[in-house]
Amino acid sequence: MKNTAIATAGISIVPRHVLGGPGFISPSDKLIVAGIGVGGKGESDIANFAKTEKADIAFLCDVDDRRAANSIARFPKAKYYKDWRELYDKESKNFDAVSVSTPDHTHAVAALPAMEMGKAVYVQK
């Protein structure tokens, strides 16, 4: 019993990255991101989040399929929505953060509800 207690204590103080190997990022250390306005500047915003390897781009939203096409191709596993309100209604429990890169007059309209849900929000301008 003493040996089991010592072994258990040893495992509990070993950092996660030691158990997972070099470069290991625990799933709990990643943000699940929803991008709203994913064409143009929004395309580069979510691409930069993804480059950190600490963000999973899980949801994309844009009213213009043509402008969103590059992001849709780059993140094929991400679920796509045309209306951010539908995205919030259906997926609010499935993401941690929102990137809002919509035209100037719509930034606050899409960002405020996300903030009210307690999400981390990155907003252009």
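Which residue in E5 is the bridge partner of Val 100? In this predicted model, the bridge partner of Val 100 in E5 is Val 123. The pair belongs to the contact between strand E4, residues 97–100, and E5, two parallel strands that are joined by four bridges. A further pair in this part of the sheet is formed by Val 98, whose bridge partner in E5 is Val 121.

The chain contains six helices and five strands. Read from the N terminus, these elements follow the order α-α-β-α-β-α-β-α-β-α-β. Of the 125 residues in the chain, 34% are buried. Among the contacts with a separation of 6 or more, 52% are between residues 24 or more positions apart. The exposed surface of the chain amounts to about 8,000 Å², and 58% of this area is supplied by carbon and sulfur atoms.

The five strands make up an open sheet with parallel pairing, in the order E3-E2-E1-E4-E5. Its edges are strand E3 (79–81) and strand E5 (120–123), each of which pairs on one side only. On average, and with direction ignored, neighbouring strands of the sheet are turned by 25° against each other. Helix H3, residues 41–51, packs on this sheet and touches strand E1 (31–36), strand E2 (55–61), E4 and E5. The direction of H3 makes about 160° with that of E2.

Within the sheet, E1 pairs with both E2 and E4. Six bridges join E1 to E2, and the two strands run parallel. The pairing of E1 with E4 is likewise parallel and extends over four bridges. On the E2 side, Val 33 stands opposite Ile 57; on the E4 side, Ile 36 stands opposite Val 100. Val 100 is therefore placed opposite Ile 36 of E1 and is also the bridge partner of Val 123 in E5.E2 is mostly covered, with five of its seven residues buried. E4 is covered on both faces: Ala 97 and Ser 99 are buried on one side, and Val 98 and Val 100 are buried on the other.

Val 33 is found in strand E1. With a relative accessible area of 4%, Val 33 counts as buried because this value falls under the 20% cut-off. When residues up to four places away in sequence are not counted, Val 33 touches Phe 49, Ala 55, Asp 56, Ile 57, Ala 58, Phe 59, Ala 97 and Ser 99. One of these, Ser 99, is 66 residues from Val 33 along the chain, yet the C-alpha atoms of the two are separated by 7.2 Å.

Ala 97, which is buried in E4, can also be related to two residues towards the C terminus. Met 115 is found in helix H6. The relative accessible area of Met 115 is 46%, so this residue is partly exposed, between the limits of 20% and 50%. Met 115 and Ala 97 are 18 residues apart along the chain, and their C-alpha atoms are separated by 9.3 Å. Gly 118 lies in the loop between H6 and E5. The relative accessible area of Gly 118 is 61%, over the 50% cut-off, so Gly 118 is exposed. A distance of 8.9 Å separates the C-alpha atoms of Gly 118 and Ala 97, which are 21 residues apart along the chain.

The loop between H3 and E2 contains Glu 53. Most residues other than glycine have a negative phi. Glu 53 is not a glycine, but has a positive phi of about 65°. Glu 53 is exposed because its relative accessible area, 52%, is over 50%.

The largest pocket has a volume of about 440 Å³. It is lined by 21 residues, of which Gly 37, Ser 101, Thr 102, Pro 103 and Thr 106 are the closest to its centre. Helix H6, residues 107–116, gives the most to this lining, with three residues.

Methods: Residues numbered from 1 in each chain as written. Predicted model: local features only at pLDDT ≥ 70, side-chain atom pairs only at ≥ 80, totals over all residues. Heavy atoms only, no water. Buried < 20%, exposed > 50% of the residue type's maximum accessible area, 1.4 Å probe, protein only. Contact = heavy atoms within 4.5 Å. Areas by Shrake-Rupley, 256 points an atom, 1.4 Å probe, with all protein chains shown as cover. Pairing = 2+ DSSP bridges. Axes fitted to C-alpha atoms, helices over the stretch in contact; angles between N-to-C directions. 1 Å grid on protein atoms, 1.4 Å probe; cavity = no way out; pocket = protein on both sides within 12 Å on 5 of 7 lines; lining within 4 Å. Points joined across faces, edges and corners; volume = space filled by probe spheres on them.
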